[in-house]
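Thanks for making the time this morning. I would like to walk you through the nonpolar cores and the disulfides of the chain now coming up on the screen.

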Amino acid sequence: MSGFALGSAFDSKSGLMIMVALLLMVGTFYAGTLFGNNGPIYVSELPSNSSSSSSPSSFSTGISTFTNKVALTYRKTPLLIPETGMNVCPLTFNEYIPCHDVSYIKSLLPNLDVSRKEELERHCPPLEKRLFCLIPPPEDYKIPIQWPTSRDFVWRSNVNHTRLAEVKGGQNWVHEKNQLWWFPGGGTHFKHGAPEYIQRVGNMTTSETGDLRSAGVVQVLDVGCGVASFSAYLLPLDIQTMSFAPKDGHENQIQFALERGIGTMISALATKQLPYPSSSFEMVHCSRCRVDWHENDGILLKEVNRLLRSNGYFVYSAPPAYRKDKDYPLIWNKLVNLTSAMCWKLIARKVQTAIWVKQENQACLLDNAEQKLLNICDAVNDSKPSWNTPMRNCIQVISGQTNIQKLHTRAERLSVYSQSLSKIDINEKEFSSDTLFWQDQVSLYWRLMNISKTEIRNVMDMNAFCGGFAVALNTLPVWVMNIVPVSTKNTLSAIYDRGLIGAFHDWCEPFSTYPRTYDLLHADHLFSLYNNKVEGCLLEDIMLEMDRMIRPQGFIIIRDVESIASRIQDLAPKFLWEVTSHMAKNKESNAETVLLCRKKFWAIV
């Protein structure tokens, strides 16, 4: 592909010579190794005595020169991008997550309900307190190791935090191996490995007759997922897991998981509903997830009840399930009472794990409500997205198993038209047409990118509609985070019905992920959706968030109307993106602009 000759050159002798030259110049980056190219093409000659907000410097090497400045910059109104290009944030901001910024959240603490851990939820600063500069990679950052090797090994310098290895190494979460982090596949309750634990849970759900697949589990929500080894070892069973954990004392656990190539995001069970649709998971899993399920009248368990499908499982591996000391028996009794009130059935309790099944027993629920053991929710509009929605201390009475759940494999579900679409006026013909369209477009994209299919692992579809783009990628070694913007029709329920994962989001705010966590971002008419000139959702704001999320040398594919595409093409160089413009047919067979952008690999030194 034109424009990326330097990136591909590292596979040749001449490329290695270029790398050696760069090594001589910066002295801190490793040359090609067992895992390939690990050095940046572009670097900055930052004076050693400069401060974070002064002495801006231009980027230069003997190969290429560009003029972006290193300067701490905040979002201003009206928005202005310097002629020299987007400023670059100082190196200390290399892990900046705008809506989970510790210093900003500390200022909010007097007004937050810390008893319910509200401080762990999203708290986006006002525009004037948001950074408006490119987030740099950390010192000695390397292009991530490719999947499936990344499941077990990642570069230490990419997530250079030692706390998890120090406090969880004995439980085999993660160990240091020279320049690498090694993930043996353990966890607090499965230090001998996730595969053995997964098989045990499968036995418990099937009365020792099968595994999680035969139990009908296709999608799992992993609460407090740690480094997501549980999710990683469910993949051989073709079980998709939406894993999440807060940004808390377990330092950078989500960053580790994403660096490994496992589908995760930052989130917390506190005061608001999780950004996932109701009745989306066959299993919710908690292994030492540090959630106080027994507190606040069991409101967090009621959120689990909302998310579980009929006959779904709640797997609980934590001390109250097996220990008889301290206050654990009291906690257990509270859990038993709360789950009984919700008409859940305890089906297994052994080897430090308890499992309940969510029974859809309307008579039981109504009887318990009459006895004042729980509250029945008022009727709600299922088409409304779960976004900034307060948790409800009640149970929604719904009908039994859906037709989707009778399809026990994900492959069977991928092409199924969800009845939830008919409620929002998307018919089966439109659904099928969308699926076929993206099959063709994904083939086109790969020809345009001209890379090995193993170079892409973490993918986000920023305006996913019915999930057709993700379905077209299903045969590739990738996972896709399907985002449904909250201002569009709620198609996320249908996406989950197809065996896929995703979340609701509003792109007027940054996403809950670390910098440099996706290899490919796909934006189909996303900018048109936000083309209403609202501050915080301007084209430049969304481009900046894209740049924060995408990895160096990662791809951003943008489809939109010509006026927007032209403007992005003009701005892309200021964000240090390579960009090429192509024409393709849209769903109506009309010509449409497709921008293929690639983030340059640059660094501050």
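I will start with the cores and then turn to the cysteines, keeping in mind throughout that this is a predicted model.

The largest nonpolar core has 127 residues, and those with the most contacts inside it include Y276, W293, F314 and M546. Helix α13, residues 428-449, gives this core its largest share, eight residues, while domain 1 (186-371) and domain 2 (413-599) each supply at least three. If we look at F314 and leave aside its neighbours within four places in sequence, its contacts include W293, W344 and W356, as well as C286. Apart from this core lies another one, of 26 residues, with A194, Y197, A232 and M283 among them.

That brings me to the cysteines, where the count comes to six disulfides. C286, which we just met as a contact of F314, is bonded to C289 with the sulfur atoms 2.1 Å apart, and this link is left-handed, at -85 degrees about the S-S bond. C286 is buried, at 1% relative accessibility, and C289 is buried as well, at 8%.

The link between C99 and C124 is right-handed, because its torsion about the S-S bond is about 105 degrees. C99 sits in the loop between β3 and α3 and C124 in the loop between α3 and β4, so this disulfide ties together parts 25 residues apart in sequence. Here C99 is buried, at 1% relative accessibility, whereas C124 is partly exposed, at 22%.

Finally, C377 and C394 are joined S to S at 2.0 Å, again with a right-handed link, at 100 degrees, and both cysteines are buried.

Note on methods
Residues numbered from 1 in each chain as written. Predicted model: local features only at pLDDT ≥ 70, side-chain atom pairs only at ≥ 80, totals over all residues. Heavy atoms only, no water. Core = buried A, V, L, I, M, F, W, Y, C linked by side-chain atoms within 4.5 Å. Buried < 20%, exposed > 50% of the residue type's maximum accessible area, 1.4 Å probe, protein only. Helix = DSSP H or I, 4+ residues; strand = E, 2+ residues; numbered from the N terminus. Domains from an automatic or database assignment. Contact = heavy atoms within 4.5 Å. Disulfide = S-S within 2.5 Å.
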